[in-house]
Amino acid sequence: MNQDELKPEKYRTDLAIVRETAEQLIRDAETFGVTVTFSGNPFTAYDELRQQLTTLLKHWSKEEPSKMQSFMYRVDLPEGRFRKALAGKSPMEELASMVLEREFQKVLIRRYFRDTKSDGPLNNC
């Protein structure tokens, strides 16, 4: 699997992948007692989920910074990327985008390894 196949932009209108990504984010958030909702619309999903994440991360950064760090660990966001985003001009928005990208990647990697019968890694998308 090459890096281009892990870019979320390529799959943002694929309802199955968008839905799996939303489900992954919902599971990860539920681990921390947080409810994330998804309307089911693939065309607004990214903005919808990013908005919720940004709000959540802003809250955690002010009220529960250790919870935010634990969430980043759960999502498997590399610490270097986490620290880079915190140094940016819109850190929570950047982190929310990074989390969504990582959740997309987890879905695509899972599909890649689940789909051992096809010739290509994402043929059944």
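This report covers the fold, nonpolar core, one core contact region and internal cavity of a predicted model.

## Overall fold

The chain is helical in its assigned elements: five helices and zero strands. Read along the sequence, the pattern is α-α-α-α-α.

The chain has 125 residues, and 42% of them are buried. Consider contacts with a sequence separation of 6 or more: 61% of these join residues 24 or more positions apart. The exposed area is about 7,300 Å². Carbon and sulfur atoms supply 49% of that area.

## Nonpolar core

The largest nonpolar core holds 32 residues. Those with the most contacts inside this core are Leu-25, Leu-57, Trp-60, Met-68, Phe-71, Met-72 and Leu-95. Two or more core residues come from each of helix 1, helix 2, helix 3 (65–75), helix 4 (79–86) and helix 5. Helix 5 gives the largest share, with nine residues.

## Around Leu-95 and Ala-85

Leu-95 is among the core residues with the most contacts inside the core. Which residues does Leu-95 touch, not counting those up to four places away in sequence? The list is Leu-57, Met-68, Met-72, Leu-77, Phe-82, Ala-85 and Leu-86.

Ala-85 belongs to helix 4. Why does Ala-85 count as buried? Its relative accessibility is 0%, and the cut-off for buried is under 20%. Beyond its neighbours within four places in sequence, Ala-85 is in contact with Pro-91, Glu-94, Leu-95 and Met-98. The pair Ala-85 and Ala-96 gives a distance to check: 9.6 Å, C-alpha to C-alpha. These two residues are 11 residues apart in sequence.

## Internal cavity

Rolling a probe the size of a water molecule over the atoms shows where empty space is left. How many cavities of 30 Å³ or more does a search of the whole structure find? The search finds one. The largest cavity contains about 30 Å³ of space.

Its lining consists of Val-18, Thr-21, Tyr-46, Leu-49, Leu-100 and Phe-104. Helix 1 (15–30), helix 2 (45–63) and helix 5 (91–114) each supply at least two of the lining residues. By class, five lining residues are nonpolar and one is polar. No charged residue lines this cavity. Helix 1, helix 2 and helix 5 also each give two or more residues to the largest nonpolar core.

Definitions and conventions. Residues are numbered from 1 along each chain as its sequence is written. This is a predicted model: local features need pLDDT of at least 70, side-chain atom pairs count only at pLDDT 80 or more; totals for chains, interfaces and linings use all residues. Side-chain values use heavy atoms; hydrogens and water are left out. Helices (H or I, at least four residues) and strands (E, at least two) are DSSP runs, numbered from the N terminus. Buried means under 20% relative accessible area, exposed over 50%, partly exposed in between (1.4 Å probe, protein chains only). Contact means heavy atoms within 4.5 Å. Accessible areas come from the Shrake-Rupley method with a 1.4 Å probe; for residues, only the protein chains shown count as cover. On a 1 Å grid over the protein atoms alone, a cavity is a set of points where a 1.4 Å probe fits but cannot get out, and a pocket is an open set with protein on both sides within 12 Å along at least five of seven lines; lining residues have an atom within 4 Å of a point. Grid points are joined across faces, edges and corners, and a volume is the space filled by probe spheres set on the points. Ala, Val, Leu, Ile, Met, Phe, Trp, Tyr, Cys and Pro count as nonpolar, Asp, Glu, Lys and Arg as charged, and the others, Gly among them, as polar. A nonpolar core is a set of buried Ala, Val, Leu, Ile, Met, Phe, Trp, Tyr and Cys residues joined through side-chain atoms within 4.5 Å.
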